[in-house]
Amino acid sequence: MQNLTYSFPAQAAVARAAHVGVVASGDLEILVQPPDAGHPALGRALHLGYFLGYANWNYFTTPFLFSYPGLVANEIEPWHEAGQTWRRLQVRFPSSIATHNPEQVFYFDSTGLQRRMDYVTEVLGSTLVGHYSSQYRSFDGLSVATRRRIFRRNPDNTVNLNQPSITLDSRNVEQCYANEQALP
Amino acid sequence: MTPVNTAVNHPSRRLIVHLPHPYDEARELYEILVPEVDMARFGQMANWQATLELAEINAPHGFMRYYRSDVTAAMAGSASFWKATQYLMGNHTIAERMFHHDPAVMLHAPLRTVIYADPDGDTKLAVDQPSLLFHSYESPDVAKVGCRLDYLISLLIINMGGDLPSELRHTS
């Protein structure tokens with residue numbers, strides 16, 4: 001998966017892996033590297049596009065993303081939560097991958113589905129975050145979490161569900177192949 | 001409120017589903033698919049929205065376990081030596097959609113389930129079909145939730161490798 005597109009009023013954002021651009025009137029696309037996207041002069045739409053672009057690109061490409069060069073993953077002790085035991089993978093991302101922060105922890109249930117991920121949103125005040133994924137559906141054979149809820153995480157690694165969450169719901173997922181020869 | 005007793009006769013259907021795994025494996029799989037409810041954490045939720053979010057985490061397939069009893073252990077020493085475990089299985093955030101209309105529905109929520117090995121050693125899951133239980137409350141709102149519970153039972157049976165009984169096929 002390489003491209004993600006978001007609709008804004010009279011605009012669209014196009015995210016291509018670690019690059020993002022805002023398309024105005026359908027004919028202008030600016031691709032910006034992550035460091036530049038943080039510049040205030042680029043405006044709110046580009047900031048939002050950058051955030052949504054890199055975040056969703058990460059979400060939709062995990063766990064395949066873990067095979068990227070320079071990425072280091074180690075299993076750490078399991079985590080017990082809500083009557084379940086989840087195996088955990090601590091992942092360190094190289095600087096070449098735009099993501100929330102370099103070190104993140106991913107939680108998987110006994111069926112292999114990702115249930116939670118922990119990270120720090122460096123672009124939003126370095127907030128500790130616990131991010132839950134659920135309601136997996138199959139799209140062309142690919143199992144995708146269609147419901148995501150992101151909460152504040154406490155220093156003891158518990159998650160505070162009492163505060164409002166960021167919500168992300170996926171209604172449809174379409175697989176596109178950059179290389180048609182890669183089609184099955 | 002009318003100070004009279006009432007009696008409700010209603011149909012019930014017990015579903016007995018053959019499971020492909022040996023008893024111990026089937027029980028282990030069931031308890032993974034239906035995690036134990038974390039009542040301590042539910043007690044820490046400050047509002048109903050937070051309760052709904054915790055239920056989403058605690059019940060990835062819709063149901064949680066509120067009670068478990070190893071019947072085999074309870075009957076140890078008797079002449080009855082079947083392998084059997086009984087459970088109360090449900091989701092109180094789903095039950096709330098019925099409880100909102102009629103508190104009496106909690107007679108049938110959570111649902112009773114039993115996993116056991118029959119005389120041939122085959123593993124079975126027994127449960128009363130929820131939609132029939134909840135149709136008896138004569139409320140379309142309650143009945144609708146009963147049908148939703150039929151669907152979740154169907155998912156559970158599929159995830160446990162069982163064949164759907166014909167009485168549940170309309171839900172899948």
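## Exercises on a predicted two-chain model

Leaving out residues up to four places away in sequence, A:Y136 is in contact with A:L113, A:S143, A:V144 and A:A145. The model is predicted, so keep that in mind as you work through the exercises.**Exercise 1. Describe the setting of A:Y136: where is it, and is it buried or exposed, or something in between?**

*Solution.*
- Step 1: Find the element. A:Y136 sits in strand β8 (residues 127-139) of chain A.
- Step 2: Look at the crowding. A:Y136 has 15 other C-beta atoms within 10 Å.
- Step 3: Apply the cut-offs. A residue is buried at 20 or more such atoms and exposed at 12 or fewer, so A:Y136 is partly exposed.
- Step 4: Try a distance. A:Y59 is 77 residues from A:Y136 along the chain, and their C-alpha atoms are separated by 13 Å.

**Exercise 2. Sort A:A82 and A:S126 into buried or exposed, and find what is unusual about their phi angles.**

*Solution.*
- Step 1: Place the residues. A:A82 is in the loop between β4 and β5 (84-92) of chain A, and A:S126 is in the loop between β7 (114-121) and β8 of that chain.
- Step 2: Use the neighbour counts. A:A82 is buried because 21 C-beta neighbours lie inside 10 Å. A:S126 has 11 inside that distance, so it counts as exposed.
- Step 3: Read the angles. Phi is near 50 degrees for A:A82 and near 55 degrees for A:S126.
- Step 4: Recall the general pattern. Most residues other than glycine have a negative phi. A:A82 has a positive value without being glycine, and A:S126 does too.

**Exercise 3. Which residues do the cis peptide bonds join, and where are the prolines?**

*Solution.*
- Step 1: Start in chain A. A:T62 and A:P63 are joined by a cis peptide bond with omega of about 5 degrees. A:P63 belongs to the loop between α2 (43-61) and β4 (72-81).
- Step 2: Move to chain B. Here a cis peptide bond links B:A109 and B:P110, with omega about 0 degrees. B:P110 is in the loop between α5 and β4 (111-117).
- Step 3: Compare with the general rule. Most peptide bonds are trans.

**Exercise 4. How do helices α5 and α7 of chain B run relative to each other, and which residues make their contact?**

*Solution.*
- Step 1: Take the geometry. The axes of α5(B) (residues 92-99) and α7(B) come within 8 Å and cross at roughly 155 degrees.
- Step 2: Name the arrangement. Angles over 145 degrees count as roughly antiparallel, so α5(B) is roughly antiparallel to α7(B).
- Step 3: List the partners. From α5(B) come B:I94, B:R97 and B:M98, and from α7(B) come B:V142, B:V145 and B:R148.
- Step 4: Classify these residues. Four are nonpolar, none polar and two charged.

**Exercise 5. Where is the largest nonpolar core, and which helix gives the largest share of it?**

*Solution.*
- Step 1: Get the size. The largest nonpolar core has 51 residues, and B:F63, B:F134, B:I153, B:L156 and B:M160 have the most contacts inside it.
- Step 2: Find the main contributor. Helix α7 (residues 140-159) of chain B supplies seven residues, the largest share.
- Step 3: Zoom in on one residue. Beyond its neighbours up to four places away in sequence, B:F134 touches residues including B:M98, B:V142 and B:V145.

**Exercise 6. How many residues does each chain bring to the contact between chains A and B?**

*Solution.*
- Step 1: Count by chain. Chain B brings 17 residues and chain A eleven residues.
- Step 2: Look at the chain B side. Helix α3 (residues 48-58) gives the most, with six residues.
- Step 3: Sort that side. The chain B residues are ten nonpolar, two polar and five charged.

Definitions and conventions:
Residues are numbered from 1 along each chain as its sequence is written. Chains are lettered from A and ligands numbered from 1 in the order in which they are written. This is a predicted model: local features need pLDDT of at least 70, side-chain atom pairs count only at pLDDT 80 or more; totals for chains, interfaces and linings use all residues. A nonpolar core is a set of buried Ala, Val, Leu, Ile, Met, Phe, Trp, Tyr and Cys residues joined through C-beta atoms within 7 Å. Helices (H or I, at least four residues) and strands (E, at least two) are DSSP runs, numbered from the N terminus. Two residues are in contact if their C-beta atoms, placed from the backbone, lie within 7 Å. Ala, Val, Leu, Ile, Met, Phe, Trp, Tyr, Cys and Pro count as nonpolar, Asp, Glu, Lys and Arg as charged, and the others, Gly among them, as polar. Axes are lines fitted to C-alpha atoms, for helices over the stretch in contact, and angles run from 0 to 180 degrees between N-to-C directions. Angles under 35 degrees count as roughly parallel, over 145 as roughly antiparallel, 65 to 115 as roughly perpendicular and the rest as oblique.
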